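Here's a short set of exercises to work through with the model open in your viewer. Try each task before you read its solution.

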Amino acid sequence: MFPFFALAAILLLGNIIRWLWNAILPDLLNVNPISYWQSVGLLALCRLLFGNFGGRRGGPGRWGRQPRFSRGNSNDDKRGFGPPWRNKWMEMTDAERSKFRQEMRRRCGKPPENDL
């Protein structure tokens with residue numbers, strides 16, 4: 001059953017891409033219209049370059065993405081919320097944060113920030 005739906009999706013998306021390309025780009029950018037098979041090739045190229053158009057297929061996710069929200073019930077406890085660096089930042093003292101900012105400015109080629 002899945003191969004039938006995959007084939008139908010490819011046929012439909014190929015026609016949609018061809019229609020959009022031929023309706024918009026020749027007038028806008030002065031390019032040639034494309035055929036159906038060129039639109040299917042464009043679809044395959046986009047799939048190769050930008051990844052899957054569907055959901056996730058297991059694993060940790062693209063680029064090791066972490067879940068956005070913690071699973072705890074406490075709304076005022078911010079531990080486990082957001083990217084992993086946020087927890088580390090929240091646990092730093094003011095002196096460690098200042099040292100971190102100075103190091104980041106040095107690495108980016110910016111002049112040091114004056115501590116007030």
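**Exercise 1.** Which residue just after α2 takes a positive phi?

Solution. Go to Gly51, just after α2: its phi is positive, at about 100 degrees. Before going on, keep in mind that this is a predicted model, where local features need pLDDT of at least 70 and side-chain atom pairs count only at pLDDT 80 or more, while totals for chains, interfaces and linings use all residues. Residues are numbered from 1 along each chain as its sequence is written, and side-chain values use heavy atoms, with hydrogens and water left out.

**Exercise 2.** Take stock of the protein chain's secondary structure and burial.

Solution. Start with the elements: there are four helices and zero strands, in the order α-α-α-α from the N terminus. Helices here are DSSP runs of H or I with at least four residues, strands are E runs of at least two, and both are numbered from the N terminus. Next, burial: 10% of the 116 residues count as buried. Buried means under 20% relative accessible area, exposed over 50%, and partly exposed in between, with a 1.4 Å probe and protein chains only.

**Exercise 3.** Check the length of α2, then sort its buried and exposed residues.

Solution. Step one: α2 covers residues 36-50, so 15 residues, and spans 21 Å from first to last C-alpha, close to the 21 Å expected at 1.5 Å a residue (the expected span is 1.5 Å times one less than the number of residues). Step two: Tyr36, Ser39, Val40 and Leu43 are the buried ones to find in α2. They sit on the same side of α2 because they cover an arc of only 105 degrees around the axis, taken from the directions from the helix axis to the C-beta atoms. Step three: flip to the other side of α2, where Trp37, Leu48 and Leu49 are exposed. Step four: look for the cover over the buried residues, which includes α1 (2-29).

**Exercise 4.** How do α1 and α2 pack, and at what angle?

Solution. Two packed helices are described by the angle between their axes and the distance between the axes. For α1 and α2 you get about 105 degrees, with the axes 8 Å apart. That makes α1 roughly perpendicular to α2, a label for angles of 65 to 115 degrees. From α1, the contact (heavy atoms within 4.5 Å) uses Ile10, Leu11, Leu13, Gly14, Asn15, Ile17, Arg18 and Trp21, and from α2 it uses Tyr36, Ser39, Val40, Leu42 and Leu43. By class, that contact has nine nonpolar, three polar and one charged residues.

**Exercise 5.** Follow Ser39 and Arg18 through their contacts.

Solution. Ser39 counts as buried because its relative accessibility is 0%. Skip neighbours within four places in sequence, and Ser39 touches Gly14, Ile17, Arg18 and Ile34. Now hop to Arg18 in α1, which counts as partly exposed because its relative accessibility is 31%. With the same kind of neighbours left aside, within four places in sequence, Arg18 contacts Ile34, Ser35, Tyr36 and Ser39. Finally, the C-alpha atoms of Arg18 and Ile34 are 6.4 Å apart, although 16 residues separate the two along the chain.

**Exercise 6.** Where is Asn30 placed, and is Asn30 buried or exposed?

Solution. Asn30 is in the loop between α1 and α2. At 70% relative accessibility, Asn30 counts as exposed. Now check phi: most residues other than glycine have a negative one. Asn30, not a glycine, has a positive phi of about 55 degrees.

Note on methods. Axes fitted to C-alpha atoms, helices over the stretch in contact; angles between N-to-C directions. Parallel < 35°, antiparallel > 145°, perpendicular 65-115°, else oblique. Nonpolar A, V, L, I, M, F, W, Y, C, P; charged D, E, K, R; others polar.
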